[in-house]
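User: I have not worked with this structure before. Please show me how to read its features one at a time.

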Amino acid sequence: MTIVVIDDDPTGSQTVHSCPLLLRWDVNALQRGLRHPSPLLFVLANTRALPPEAAAARNREIVAALEQALQREDLDPSELVLVSRGDSTLRGHGVLEPQVLAQELADRFGSVQATLHVPAFLPGGRTTVDGEHRLHGQPVHTTPFARDGNFGYSTSHLDAWLEEKSAGAIPASSVLRLTGEQLSRAAASRRQDSEAGQGPFRALVSWLQALDGNQPVVVDAEHQEQLNALGAAVSVLQGQRRFLFRSAASLINGLVDGGGQPLGPQPLDAEGLSALRRCDHSGQPLPGLVLVGSHVALADQQLESLLEDPRCEGLELPVPRIARVLEGGTPDLLLADLEREWQARLQRLLADGRTPVLYTSRGELRFGEGAHADRRRLAFGMDLARLTARLAAACVPQLGYLISKGGITTGTFLAEGLGLEAVQLEGQLLPGLSLVRPLICGELLADPSAAADVAGLPIITFPGNLGDASTLTQAWRWMERGV
């Protein structure tokens, strides 16, 4: 079984380790990814940063290239499990992307029997109970994440959420639910049922086998064992039925476990990961840099907490001013002048032994209402992410590590700022908080003559919605102790 995860931002690998995350999806890059010994291959589509039509086109492009890569590697498409990874707080193109992927799979490989929506991210307190999605027990539509300017919503009941986000194309009444009770019973009897050919686990297999016509299904989940049982049932039906998944991170562990290739413990614990911090030629640890692009309220709290430490100093990028420059008559000239000023300040902070914290001014810039405003907001967000990526990338030769908070910020830094083809996921520094390092053609960049500036740089990919007010500070302190 080959599990390919099309990730809408670079944080979806936050429960796994020792696998590649591709930042490009041309056929050659996908072939190299498929040759990796891990059963998991992540492809960063970064579609959360795109308007709907561009997100749809990117998903189609990835599947077309994947079809060619599978053919060239002589891999059976029936062994492919495709996951559209999305945000556990329901932001993103959560209906559009699986709809596009289901059609692409049907056109290229055969019909899809069901799309299973599994937004649970258990280490982060995101659970689905009786069809309602919750964050630490609170209905997710009552949290600040539901008020996202691009991807807001009004309900936590996933059947109603599917109807709302599909503009009625998926009626709530058409959505089936795979209950927590079904999954818990299947998990408890999984091994003995597999041997006996009957019981709750076999009933789960039969339930899945009966799905057809790209049936929409929402999945309850409160415990990892439930998702492991689901993964095992999917594995039993591999080659017989084709399922598509729109999920957060926790299901991916269940699919790997169910496929008989459990990942096991990550090779490096938090102390080992922090020790990946780069040093200079004399063995002294190089300084770090923190990026904060996420604009959710939690990110504001984490930024405020980090800046309380006198060893950190903030450099604010004034979003309204940048917007005025970009909309003016000579944006390239004016923005270049500002970039030189900000870059000089970053260099001074690094020379002084401080940790620069490069962040966008807080709050969302308003662009009006409607589809046109949404496109302007997303386009400006990408312009801002590219600016941040350029500023950070210019500092990379002097850095021992980098922490990047916000999915769009991080994806743009990796793919455009550093120009990487892929990164290697080393593991989690804290629950849900992954550390990656650059990859080229499946090998860690160990040759200084090939890419000395970026070689071995540990990068913490920090989701906007993860942790509490102290988590960013905790991550920074871990990396500061690494030598």
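Analyst: The turns below cover confidence, cavities and one helix contact in this predicted model.

User: Where should I start, and what average pLDDT does the protein chain have?

Analyst: Start with the predictor's confidence in each residue, which runs from 0 to 100. Here the protein chain has an average pLDDT of 91, and 94% of the residues reach at least 70. A stretch to read with care is 442-450, where the pLDDT is below 50. Beyond near neighbours in sequence, residues 442-450 make 12 contacts in the model.

User: Next, the cavities. How many of 30 Å³ or more does the structure hold?

Analyst: A cavity is a space where a 1.4 Å probe fits but cannot get out. The structure has four cavities of 30 Å³ or more. The largest cavity contains about 660 Å³ of space.

User: Which residues lie nearest the centre of the largest cavity?

Analyst: They are Gly-293, Ser-294, His-295, Gly-381 and Ile-408, out of 39 residues that line the largest cavity.

User: Which helices supply at least two residues each to that lining?

Analyst: Helix H13, residues 371-395, and helix H14, residues 407-417, each do so. The largest share comes from H13, with eight residues. Sorted by class, the lining of the largest cavity includes 17 polar, 13 nonpolar and nine charged residues.

User: What is the volume of the second largest cavity, and what lines it?

Analyst: The second largest cavity has a volume of about 130 Å³. Its lining is made of 14 residues, and Asp-87, Leu-90, Pro-119, Trp-161 and Arg-246 are the closest to the centre. Two or more lining residues come from each of helix H4 (158-165) and strand E11 (243-247). H4 gives the most, three residues. By class, the lining of the second largest cavity has seven nonpolar, four polar and three charged residues.

User: Now a helix contact. At what angle do H10 and H16 pack?

Analyst: Helix H10 (residues 297-307) packs against helix H16 (residues 471-481) at about 45°, and their axes are 7 Å apart.

User: Why are H10 and H16 called oblique to each other?

Analyst: Angles under 35 degrees count as roughly parallel, and 65 to 115 as roughly perpendicular. The angle of about 45° falls in neither range, so H10 and H16 are oblique to each other.

User: Which residues meet in this contact?

Analyst: From H10 come Gln-302, Leu-303, Ser-305 and Leu-306, and these meet Thr-471, Leu-472, Thr-473 and Trp-476 of H16. The contact of H10 with H16 has four nonpolar and four polar residues, and no charged ones.

Definitions and conventions
Residues are numbered from 1 along each chain as its sequence is written. This is a predicted model: local features need pLDDT of at least 70, side-chain atom pairs count only at pLDDT 80 or more; totals for chains, interfaces and linings use all residues. Side-chain values use heavy atoms; hydrogens and water are left out. On a 1 Å grid over the protein atoms alone, a cavity is a set of points where a 1.4 Å probe fits but cannot get out, and a pocket is an open set with protein on both sides within 12 Å along at least five of seven lines; lining residues have an atom within 4 Å of a point. Grid points are joined across faces, edges and corners, and a volume is the space filled by probe spheres set on the points. Helices (H or I, at least four residues) and strands (E, at least two) are DSSP runs, numbered from the N terminus. Ala, Val, Leu, Ile, Met, Phe, Trp, Tyr, Cys and Pro count as nonpolar, Asp, Glu, Lys and Arg as charged, and the others, Gly among them, as polar. Axes are lines fitted to C-alpha atoms, for helices over the stretch in contact, and angles run from 0 to 180 degrees between N-to-C directions. Angles under 35 degrees count as roughly parallel, over 145 as roughly antiparallel, 65 to 115 as roughly perpendicular and the rest as oblique. Contact means heavy atoms within 4.5 Å.
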